[in-house]
Amino acid sequence: MQHDKILILDFGSQVTQLIARRVREAAVYCEIHPNDVSEDFIRAFNPRGIILSGSHASTYEDHQLRAPQVVFELGVPVLGICYGMQTMAVQLGGTVEWSDHREFGYAEVRAHGHTRLFDGIEDFSTAEGHGMLKVWMSHGDKVTTLPPGFKLMASTPSCPIAGMADEVRRCYAVQFHPEVTHTLQGQAMLTRFVREICACQGDWIMGDYIAEAVARIREQVGDEEVILGLSGGVDSSVAAALIHRAIGDQLTCVFVDHGLLRLNEGRMVMEMFAGRLHAKVVHVEAAEQFMGHLKGVTDPEQKRKIIGREFVEVFKAEAAKLKAADAGAKGAKWLAQGTIYPDVVESGGTKTKKATIKSHHNVGGLPEQLGLKLLEPLRELFKDEVRALGVALGLPHDMVYRHPFPGPGLGVRILGEVKPEFAALLQRADHIFIEELRKTVDEATGKTWYDLTSQAFTVFLPVKSVGVMGDGRTYDYVVALRAVQTSDFMTADWAELPYSLLKRVSSRIINEVRGINRVTYDVSSKPPATIEWE
């Protein structure tokens, strides 16, 4: 890879991936690696700059959680964020102490010293002419003594050293989080760091990346056969299109209908990939198999594991069939998956000490008994990069910009036990919700509410409520509507849908889907809730 690169050393923050996303939005390639990588690794990586992430830890409690000393010896610019600032201070001769006034949330930071990182960047200025920044803080410790050679770069009343800089060594550090959207000038700061201070070229562009990715797939696969688990979602669809561009008929897509897809999704997938892209697609009807194994299971993690396990079983069977179909063929040697970086992150798969939020069925490699090598061409890409890549590959805009759909499908949108009759009710209710979102235009923006929401879906609740229809009493099931707006899917706000839209959706579901008599709307943000219910 010939791109200029930024190395992000991860100390275990839940939002480290947002740093990477902001850097890539500046058209600069970057990678996240654990903070304890070796000196040889860092030198071989040959970064144009290094960013030190935040952490849940304290510098005076965990003396092992340090940046390799070579970080400060390479002569490349270094940016410390939150804990990254604190470990920079300690390692270069400053001090960090427990603060009796913690800061979590919005803060206004005063800029000092006219440093290159902040030059010309501010949200407002005070009557005295001080430049001010609206930022997001999340810390309980603070730097109390600057390291030798550093000067004050930012402060708040409760955090006198909220930023520091040694511009001779090109070391910068901030106590706040520029990677989150709540820091209004955060993107400008990170872009300034990587494009100007580190002098990186802005050459990380998905349209240009296709040739690089195709060459990598061809080199990796050679003349061997690949099967891909095609779910119909954005990630597996883009992966299929990219791999098909690289190796053509060496790819066979296996589309597994486990009975937990959206309404009419099976037909749409086959029309797109077999009909329009002329890819080899095997359509496997496996609803009975999946439903049988899910019977009686209510724990969401167990449901995910069962669905992931059965996918593996289906692929084993299909790989064997493909090999048996042509005695002269080599048979499939690779299993391709649409794994993307957030999947890896939420599964705790970044080799750093993070809390696992939930497991993903397509993360963690293949069981040895599968006998196939793993091909994950999107594993290092964020969702927005995957979408841009899909458009550059020529996939229809409506397909590429469909809302995310979980790998386990409706299995994690049916709370409790998954039953075929529950899936049938949920498919119809969810279809109505999405249809109304696509039809309803917001007058202020001219966009549909489907485009204005980042993810919207319906959740089936395994409870019944009393209702009245006509002159009769009903005792039927309840569904919850969920719609969120987010720029990164790491945090999300519930969408303030118009009451008139919610009213139409509720009325249609109750009148058209026999078996549901109550519709609710989820007004929880992430955090503390997750986007999906399970």
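In this predicted model, helix 13 (residues 420-439) packs against helix 15 (residues 499-512) at an angle of about 150°, and their axes lie 9 Å apart. Because angles over 145 degrees count as roughly antiparallel, helix 13 and helix 15 are roughly antiparallel to each other. Their crossing is right-handed.

On the helix 13 side, the contact is formed by Arg428, Ala429, Ile432, Phe433, Glu435, Glu436, Leu437 and Lys439. These residues meet Leu501, Arg504, Val505, Arg508, Ile509 and Glu512 in helix 15. Sorted by class, the contact of helix 13 with helix 15 has seven nonpolar and seven charged residues, with no polar residues.

A second element of the model is an open sheet of five strands, which has the order 13-12-11-14-15 and parallel pairing. Strand 13 (280-285) and strand 15 (373-375) stand at the edges, each with a single partner strand, so one side of each has no neighbour in the sheet. On average, neighbouring strands of this sheet are turned by 30° against each other, direction ignored.

Within the sheet, strand 11 (residues 225-230) pairs with strand 12 (residues 251-257) in the parallel sense over five bridges. Leucine 228 stands opposite cysteine 253 in strand 12.

Two helices lie across strands of the sheet, as tabulated below.

| Helix | Strands it lies across | Angle |
|---|---|---|
| Helix 5 (residues 206-221) | Strand 11, strand 14 (332-336) and strand 15 | about 175° to strand 15 |
| Helix 6 (residues 234-247) | Strand 11, strand 12, strand 14 and strand 15 | about 160° to strand 11 |

Terms used
Residues are numbered from 1 along each chain as its sequence is written. This is a predicted model: local features need pLDDT of at least 70, side-chain atom pairs count only at pLDDT 80 or more; totals for chains, interfaces and linings use all residues. Side-chain values use heavy atoms; hydrogens and water are left out. Axes are lines fitted to C-alpha atoms, for helices over the stretch in contact, and angles run from 0 to 180 degrees between N-to-C directions. Helices (H or I, at least four residues) and strands (E, at least two) are DSSP runs, numbered from the N terminus. Angles under 35 degrees count as roughly parallel, over 145 as roughly antiparallel, 65 to 115 as roughly perpendicular and the rest as oblique. A crossing is left-handed if the near helix is turned anticlockwise from the far one by less than a right angle, and right-handed if clockwise. Contact means heavy atoms within 4.5 Å. Ala, Val, Leu, Ile, Met, Phe, Trp, Tyr, Cys and Pro count as nonpolar, Asp, Glu, Lys and Arg as charged, and the others, Gly among them, as polar. Two strands pair if DSSP finds at least two bridges between them.
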